[in-house]
Amino acid sequence: MESRSAKCHCGQLELLCTGTPRRISMCHCVECQRRTGSAFSVAVFYERGRVHVANGSFAKFERDSASGHPVTFHFCPRCGSNVWWEPARMPELVGVAVGAFGDPTFPQPEQSVWTQYKHAWLRLPEDLRVFASNPPART
Ligand SMILES: [Zn+2]
Ligand SMILES: [Zn+2]
């Protein structure tokens, strides 16, 4: 099965993700803007059993989310990149930062969430499902 490698900025922390992602989601919420330092984030959700730490050490930061469930973010203690996170709302899934793959051929997100906070200049692909806040829960 196909494996993809996700790395932090300095390269010491590496995650291996196997198979096809369950979901790819773009998020415009302000927490994601602050977390990434960018105008939005793209989360690649894999089933938990398909994600393994291949190399390196990490630190964690947990916060509550708008869904009412906490999310635990895992980041490189050396360079600070947030490589993956574990949402208690979807305990079977792990979110991986699409940028950590460094792969411009990575498949497009299928949904865009929290667009009420989308930067005004940003144009979305027409085939994205769009939600002003969180999408309805599904697994
Ligand atoms: Zn690093
Ligand atoms: Zn977000």
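## What counts as a donor

Donors here are N, O and S atoms within 2.8 Å of the metal, and water is not among the atoms, so sites may look incomplete. Keep that in mind as we walk through the zinc sites of this predicted model.

## The site of ligand 2

Let's start with the zinc ion (ligand 2). Three sulfur atoms coordinate this ion: the SG atoms of Cys-27, Cys-29 and Cys-32, at 2.1 to 2.3 Å. Along the chain, these donors of ligand 2 follow the spacing C-x1-C-x2-C.

How accessible are the cysteines here? Cys-27 has a relative accessible area of 11% and is buried, and Cys-32 also counts as buried, at 8%.

## The site of ligand 1

Now for the zinc ion (ligand 1). Its coordination comes from the SG atoms of Cys-8, Cys-10, Cys-76 and Cys-79, at 2.3 to 2.4 Å. The angles among the 4 donor atoms of ligand 1 run from 105 to 115°, making the site tetrahedral. For comparison, the ideal angle for four tetrahedral donors is 109.5 degrees.

The donors of ligand 1 are spaced as C-x1-C-x65-C-x2-C. Within this set, Cys-10 and Cys-76 link distant parts of the chain, 66 residues apart. Cys-10 lies in the loop between strand E1 (3-7) and strand E2 (14-18), while Cys-76 lies in the loop between strand E7 (70-75) and strand E8 (82-87).

Is each of these two linking residues buried or partly exposed? Cys-10 is partly exposed, with 30% relative accessible area, whereas Cys-76 is buried, at 1%.

Definitions and conventions: Residues numbered from 1 in each chain as written. Chains lettered and ligands numbered in written order. Predicted model: local features only at pLDDT ≥ 70, side-chain atom pairs only at ≥ 80, totals over all residues. Heavy atoms only, no water. Donors = N, O, S within 2.8 Å, 3.2 Å for Na, K, Ca; no water. Tetrahedral: all angles 85-135°; square planar, octahedral: opposite > 155°, others 65-115°. Helix = DSSP H or I, 4+ residues; strand = E, 2+ residues; numbered from the N terminus. Buried < 20%, exposed > 50% of the residue type's maximum accessible area, 1.4 Å probe, protein only.
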